[in-house]
Amino acid sequence: MKLDTLILGLDLGTSGLRACVVKRSTCASTAQVNETSLTEIRIPMPMPQKQSQTSQQDASIWQQALDNCLDQLAEQGWSQQIHHIIADATSSTVLLTDTKGQPVSPALMYDDKRALVQAALLSEQLAENSGALGANSSLAKALWLAQAYGKNHLRLLHQIDWLNFQLCGQFTATDENNLLKLGYDSINQAWPSIVRDKMPYPLPNAVSPGSPIGFVSPQLIKQWGFTPDCQVHAGTTDSIAAFLASGASRLGDAVTALGSTLAIKLLSDTPIFASDYGIYSHKLKHQWLIGGASNAGGAVLLHYFSLEQIKSLIPKLDLSKATGLPCYPLIRPGERFPIANPDFKPIIPEKQPAPILLQALIEGLVDIEVKAYQKLEQLGAPKVKRLFGVGGGSQNQAWSDLRAQRLTAKLMTPISQSAAFGVTRLI
């Protein structure tokens, strides 16, 4: 006998909203769990408006995408079958709303750095391992928003808070992963006194990812056909949802995501915070997810080659022979991890023929990945046992082949690369 549960996973990011309806079947006799993706919906959104230090988006764009997504779910007949909803969103993307949840400011995106003055003040007062350090932290942005829009009768919402408000029709608790950059202390499960003193808006209640936070709103029931007992759960950040989607679940499992930048996450039994290297840890059930990111990544490849050129050149590379060329593939000076140096200069062998240059760039990316995991191990993280590669770069066969040569961990094929699927695994 199998017990089936239908879960809706939502992934709200910078460029779009993705939904995934997952059927989870549990065999009553063996307790074996199987997960099947029944449908996926993708709603693109216009990219944020960007200038030198600012990056913002209007929440009405999110609203249109969500309404479109719910329309499609209802048209396909899924709404009335869903038992649980859980979402992920971009961490440190925040906005102000009034007490009724209506936006009164644009959303300052995860990479918005206008709060430089506020970040400088916080750096003198916060603990060294605080996730709220830096101009792109939620806390620095909250201080900037307070100066620009005031404090009275306003609330600071993360992107995930806004989404959960639309689902539940009321303000809810927030998962502690999204609260890390607001200054929440996951180790002690508390708000530090300095954050309580500095935060100009009500601090949300922190809960573990996956925790129930309410039921769907009357609007979702009336307009889209959801059932009143459909439960909404606290989610997580988009990068953690992507980690979960890969199938990584054991101590020593790691995920390398090669997108515009090279980001890594490693599952550990103890946290590591090293702000000098941009390393922080998210609590995940009874374990910790250690993360770090290099400024190098796929954007460097696309800086020198078009996607069509990369695809045509890769089959011509002789990966059995290393180029031997020094290469640290950055677009501009400055590196966070595994080297911490804001003035670190790119090393690019630009005068080489195109195939040699491309191979050298890819070798450089793999070398950074090797050094990154070595750095984490030096800082006390467990040795990587299983390694999953995700992101657009995982389609680069040369990158995959060179990783197989250089990395000692067992390379694994991800179950999925959909964060909307991954977030459902928290329930």
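## Briefing: core, sheets and a buried helix

The largest nonpolar core here has 44 residues, and L358, L361, I362 and L376 are the ones with the most contacts inside it. Keep in mind that this is a predicted model. Below is a quick tour of that core, an open sheet, a covered pair of strands, and helix α4 with its buried aspartate, D161.

**The big nonpolar core**

- Two or more residues come from each of these elements: strands β14 (253–258) and β15 (262–268), plus helices α9 (298–304), α10 (307–313), α11 (354–378) and α12 (397–406).
- Helix α11 is the top contributor to this core, with twelve residues.
- As general background, nonpolar side chains in soluble globular proteins tend to be buried together.

**T256, a polar residue in β14**

- T256 sits in strand β14.
- Its relative accessible area is 0%, so T256 counts as buried.
- The T256 side chain has a polar contact with the side chain of Y373, at 2.8 Å.

**The six-stranded open sheet**

- Reading across, the strand order is β16-β17-β15-β14-β18-β19, the sheet is open and the pairing is mixed.
- The edges are β16 (280–284) and β19 (410–412), each of which pairs on one side only.
- On average, neighbouring strands of this sheet are turned by 25 degrees against each other, direction ignored.
- At the β19 edge, strand β18 (residues 386–390) runs parallel to β19, and three bridges join the two.
- If you want a residue pair to look up there, F388 has M412 in β19 as its bridge partner.

**Strands β6, β12 and β13**

- Strand β13 (residues 231–237) is mostly covered, with six of its seven residues buried.
- Strand β6 (residues 84–89) runs parallel to β13, and five bridges join them.
- Two places to check that pairing are H84, which stands opposite Q231, and D88, whose bridge partner in β13 is T236.
- β13 also pairs with strand β12 (residues 212–215), this time in the antiparallel sense and over three bridges.
- In that pairing, G214 is across from V232 in β13.
- β6 is mostly covered too: six of its six residues are buried.
- In a regular strand, side chains alternate between the two faces of the sheet.
- For β6, both faces are covered, with H84, I86 and D88 buried on one side and I85, A87 and A89 buried on the other.

**Helix α4 and its surroundings**

- Ten of the ten residues of α4 are buried, so this helix is largely enclosed by the rest of the structure.
- The buried set includes polar names such as Q159, N164 and Q166, along with I160, W162, L163, F165, L167 and others.
- Just after the helix, G169 takes a positive phi of about 80 degrees.

**D161, a buried charge without a salt bridge**

- D161 belongs to helix α4 (residues 159–168).
- Which side chain of opposite charge is nearest to D161? That would be R155, but it is 7.9 Å away, and D161 has no salt bridge although it is buried.
- The salt-bridge cut-off is 4 Å, which means a pair has to come within that distance to count.
- What D161 does have is a side-chain polar contact with the side chain of T174, at 2.6 Å.
- A polar atom of the D161 side chain also lies 2.9 Å from the backbone nitrogen of H158.

How values were computed
Residues are numbered from 1 along each chain as its sequence is written. This is a predicted model: local features need pLDDT of at least 70, side-chain atom pairs count only at pLDDT 80 or more; totals for chains, interfaces and linings use all residues. Side-chain values use heavy atoms; hydrogens and water are left out. Helices (H or I, at least four residues) and strands (E, at least two) are DSSP runs, numbered from the N terminus. Buried means under 20% relative accessible area, exposed over 50%, partly exposed in between (1.4 Å probe, protein chains only). Lys and Arg count as positive and Asp and Glu as negative; His and the chain ends are not counted. A polar contact is a pair of N or O atoms within 3.5 Å; within protein, one must be able to donate a hydrogen and the other to accept it, and residues adjacent in sequence count only if both atoms are side-chain atoms. Two strands pair if DSSP finds at least two bridges between them. Axes are lines fitted to C-alpha atoms, for helices over the stretch in contact, and angles run from 0 to 180 degrees between N-to-C directions. A nonpolar core is a set of buried Ala, Val, Leu, Ile, Met, Phe, Trp, Tyr and Cys residues joined through side-chain atoms within 4.5 Å.
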